[in-house]
Amino acid sequence: TALDDDDTALDDDDSVDDDDVVDDDDAADDDDDSSVVAECTGDSLSLDGLNDYAQVPAAPELAIAGPLAELTAEAWIKGGTGVVLARWGGANFDSWRMRQNGGQLACTARYGGDLTSTAAFPTDGLWHHVACTIDGQDVTAWVDGQEGTQSGTSSSSLSGAPGTPLTIGATTTGGNVYTGLIDEVRYSSVERYTAPFTPPLT
């Protein structure tokens, strides 16, 4: 998948290869196809919430650096709970995660302290657009184009951690695995949303 300074999209043209799907059982038995429980259903990534997720390898284009660094991470999701997207590199690093927990979407970034924004998430089992934006000082959660609220404290700006991969369906270390469907992942080095919007369909 080609990466540039403004936008990194994982869509229908950038499907997740089998080698990018991580499953703890694969290491024990590579010959058993039934051990690969993360699979694409149609054009979406289907995760069962056990130990499977996908990762985009670390690259300089994924890192955030500087006091005015910006970020937008977004996807369409259906059902389930757990971490949707994350680059969780540790305290005081380029660390953020998007988590859907029942009726709430939470976006957390570490700016010296944890800064979190939450937005109500419908529990109707339908597809919904979710996004996290960062502008170098604040983090905002968005569900179907509607802005969430913010809480927490910040003591510094987000710094770079180029060695951290982008993880789809879990934290960087494979925790809080997502259960459900994920589609149309897009990662941008700009703050795309600053006011309520109509979610993109492509």
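Searching the whole structure turns up four aromatic pairs (rings of Phe, Tyr and Trp, the last by its six-membered ring, with centres within 6.5 Å; planes under 30 degrees apart count as stacked, over 60 as edge-to-face and the rest as tilted). Select Trp142 and Tyr193 to begin: their ring centres are 6.4 Å apart and the planes meet at 65 degrees, so this pair is edge-to-face. The two residues are 51 apart and link distant parts of the chain, with Trp142 in strand E12 and Tyr193 in the segment after strand E16 (179-188). Helices (H or I, at least four residues) and strands (E, at least two) are DSSP runs, numbered from the N terminus.

Before you go on, a word about the model. It is predicted, so local features need pLDDT of at least 70 and side-chain atom pairs count only at pLDDT 80 or more, while totals for chains, interfaces and linings use all residues. Residues are numbered from 1 along each chain as its sequence is written, and side-chain values use heavy atoms, with hydrogens and water left out.

Now add Phe197 to your selection: Trp142, Tyr193 and Phe197 form one aromatic cluster. Are Trp142 and Tyr193 buried or exposed? Both are buried, where buried means under 20% relative accessible area, exposed over 50% and partly exposed in between (1.4 Å probe, protein chains only).

**Along strand E12**

Next, select residues 139-143, which make up strand E12; five of its five residues are buried. In a regular strand the side chains alternate between the two faces of the sheet. Colour the two sides of E12 separately: Val139, Ala141 and Val143 are on one, Thr140 and Trp142 on the other, and all are buried.

**The neighbours of E12**

Which way does strand E11 run relative to E12? Show residues 127-134 to see E11, which runs antiparallel to E12 and is joined to it by five bridges; two strands pair if DSSP finds at least two bridges between them. Ala131 is the residue opposite Trp142. Follow the chain through the hairpin of E11 and E12, with four residues between the strands, and stop at Gly136, whose phi is positive, near 95 degrees.

On the other hairpin, bring up strand E13 (residues 146-147), antiparallel to E12 and joined to it by two bridges. Here Val143 stands opposite Gln146. Two residues lie between the strands of this hairpin, and Asp144 has a positive phi near 50 degrees.

**The disulfide**

Return to E11 and select Cys132, which a disulfide joins to Cys107 (S to S 1.7 Å); a disulfide is a pair of cysteine sulfur atoms within 2.5 Å. The pair links distant parts of the chain, Cys107 in strand E9 (residues 104-110) and Cys132 in strand E11, 25 residues apart. What is the handedness of the disulfide of Cys107 and Cys132? The torsion about its S-S bond is about -80 degrees, so the disulfide is left-handed. Cys107 and Cys132 are buried, and the structure holds one disulfide.

**A loop residue**

Move to Ala69, in the loop between strand E5 (52-56) and strand E6 (71-78). Ala69 has a relative accessible area of 8%, so it is buried. Draw a distance from its C-alpha atom to that of Val190: the separation is 8.0 Å, for residues 121 apart along the chain.

**Zooming out**

Finally, show the whole chain, with its one helix and 16 strands. Of its 202 residues, 45% are buried.
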